[in-house]
Every structure is written in C-alpha cells, then in structure tokens.
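Reader: I should like a close look at one part of this model, namely the enclosed space inside it and the packing around that space. Please set out what lines it and how the neighbouring elements are arranged.

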Amino acid sequence: MSEDIKKQIRHFYGKLAKNAKKGNSCCCSGSCCGPIANAPLIYGEEFLEGLPEEALAASQGCANPLVFADLKEGDVVLDLGSGGGIDAFLAAKIVGDSGKVYGLDMTDDMLALAEENRKKAGLMNVEFIKGYIEDIPLPDESVDVVISNCVVNLSEDKEKVFREIYRVIKKGGHLSIADIVTLKEVPDSVRQMTDLWVSCIAGSMPVDELNKTLAHVGFKDITISVEHVYSKDVIKSMLGDEAKTDSVDFDLLDGAFGSAVIKAVK
C-alpha cells in the first residue's frame, strides 16, 4: 500500500465522520453509498433501537459481528476500527456494567464522533482510544473478545494485526470479526485502486491465506464462513460515481470478493 493510499483512507473516514455528525449518511463516493454499508439492512432495525443516528450514519461494516461474537456479561471486549461506535455500543449492552468495551480507531474525527455518541447513548462501560490495529495500545492478555467489522483489510500488514490481536486476548478468549475475503484471483492493478482500498476490497486476503496466517500466529479452532458473494454490480455500487473505473474490467471482479465471518480461539 502506498503512502498516498494510506492518506486517502484517513481522509475518507475523516470525511465520513464529519458528514455523519452533520446528519449525512453518505459522503457521496465510495463504500458509504454502497449496499453493504447500510446499517439497518445489516443489523436489523430492532437491533439498533436506541442508538444515536450519527453512529448509524458512520457505520461501514459488512456484517453484524455481534450475532456471532458469543459475548457474555462481564466480558472485556476490544472493537478494532470502532468508527462512530455502533458495534462498541451494541457490545456494551451485552457485557453489561460488569464488562467493558474498548473502541480503537486511528481517526481523530471518528474518535470525537464516537465519544459524542457514547454520551448520547448514556453508556459508561465504553472507552474510545486512539491507535493503530497493528500496534494496539493495550496490555498483554487484557481482553476476552476482539471484534471488528470490515477493518482488518485496511491494513497492509495483516499478520502483524493478527499477532497484536493474539497478544491482547486472554488465554481461552477469541476473535470474532466480519471482513471481506478474496474468492478468486484478480489483477494486481485492481489491488492498487484507492477506491477499492477504502471499500475494504483491494486489501482482502484469499480464504486459504487468511486461514494460514491465523494459524501461524497461534490461533486454533479457526472458522471462515463466506456469507455473501459480491456481484460486479454490487462492487460498482460500493465504488460510487466518482471512482475512476474506466480501466476496470468488472467481469473479472464478478464473484471475486465476498463478506465472511471469521472466528478463532487463543
């Protein structure tokens, strides 16, 4: 990943946070306008009851990680790339006052938005911290569960991310994340498209490679379940009207990516 792409990713999510704060659920290009980032469709209206609208507007997930995270009361949870706070807030309701949820994000605007949303939601068991998923600012074996929603693919060094996740999870704890996986080979030129990076597509790993990486860092009982396969039309919609797609052969991308549920135990 080039420095330019990193800068574009930060800019994209910073802009998304500012727009969400203004009440706009779309930043007019990229995945925020796509069907996989529609919070009510992903989570269900009843699941989102009572959450601030700004948290929903800033949601960029590809699934509902709380459905399969197996959280229980008293758990300490880390939400990687917490954004506007939607998954952290949902997790906080499950773990209760005896539990704790940390939301980690690298974008100042997102952190500010999440903290405002936390106050609106009246949740005292959530804390948002600034940092990178490759260098998590928490002690060894300090959390029970790590959740994430379409964020790990934004990193160019996924093995480092998974090593950090493994480090902070307690023995017997687990990761439960939703992300996009690669289902067939695509041209290298596609991997360098900024618009596909911010949509979590270009940085996705093939299922076999993802499985091997998780096992290599020490995880056991790994399961990767593909939930939805993206058609070329879905990918087009995720890119948005402003993306430079003249040179893209979307037929090659048809069925090349999909959202997956990824679970593993320490």
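Author: A cavity, as the word is used here, is a set of grid points where a 1.4 Å probe fits but cannot get out. In this predicted model, a search of the whole structure finds two cavities of 30 Å³ or more. The largest cavity has a volume of about 60 Å³. Its lining consists of Val152, Asn153, Lys158, Phe162, Ile177, Asp179, Ile180, Val181, Met205, Leu210 and Ile262. Two elements, α6 (158–168) and β5 (169–182), give two or more residues to this lining. The largest share, four residues, comes from β5. Sorted by class, the lining of the largest cavity holds eight nonpolar residues, one polar residue and two charged residues.

Helix α6 deserves a closer description. Its buried residues are Lys158, Val161, Phe162, Glu164, Ile165 and Val168. Because these residues cover an arc of only 155° around the axis, they lie on the same side of α6. The partners against which the buried residues of α6 pack are β1, β4, β5, β6 (205–206) and α9.

Phe162 links the cavity to the surrounding packing: this residue belongs to the lining of the largest cavity, and it is also among the residues with the most contacts inside the largest nonpolar core. Leaving aside residues up to four places away in sequence, Phe162 touches Val152, Leu175, Ile177, Leu210, Thr213, Leu214, Val217 and Phe219. Of these partners, Val152, Ile177 and Leu210 are named in the cavity lining as well, while Leu175 and Phe219 are named with Phe162 among the residues with the most contacts in the core.

The largest nonpolar core has 31 residues, and Leu78, Val146 and Ile165 are also among those with the most contacts inside it. The elements that give two or more residues to this core are β1, β2 (100–105), β4, α6, β5, α9 (207–217), β7 (220–230) and β8 (257–265). Apart from this core lies another, of 19 residues, including Ala69, Leu123, Phe128 and Ile147. In soluble globular proteins, nonpolar side chains tend to be buried together.

Strand β7 can be followed through one of its residues, Ile222. Not counting residues up to four places away in sequence, Ile222 touches Asn211, Leu214, Ala215, Lys263 and Ala264. Leu214 is a partner of Phe162 too. The C-alpha atoms of Ile222 and His174 are separated by 9.9 Å, and these two residues are 48 residues apart along the chain.

Two loop residues complete the account. Most residues other than glycine have a negative phi. Asp70, in the loop between α3 (53–57) and β1 (76–80), has a positive phi near 55°. Glu141, in the loop between β3 (126–130) and β4 (143–149), likewise has a positive phi, near 45°. Asp70 counts as partly exposed because its relative accessibility is 49%, and Glu141 counts as partly exposed because its relative accessibility is 38%.

As for the whole chain, there are eleven helices and eight strands. Buried residues make up 57% of the 266 residues. Among contacts with a separation of 6 or more, 77% join residues 24 or more positions apart.

Definitions and conventions
Residues numbered from 1 in each chain as written. Predicted model: local features only at pLDDT ≥ 70, side-chain atom pairs only at ≥ 80, totals over all residues. Heavy atoms only, no water. 1 Å grid on protein atoms, 1.4 Å probe; cavity = no way out; pocket = protein on both sides within 12 Å on 5 of 7 lines; lining within 4 Å. Points joined across faces, edges and corners; volume = space filled by probe spheres on them. Nonpolar A, V, L, I, M, F, W, Y, C, P; charged D, E, K, R; others polar. Buried < 20%, exposed > 50% of the residue type's maximum accessible area, 1.4 Å probe, protein only. Core = buried A, V, L, I, M, F, W, Y, C linked by side-chain atoms within 4.5 Å. Contact = heavy atoms within 4.5 Å. Arc of directions from axis to C-beta.
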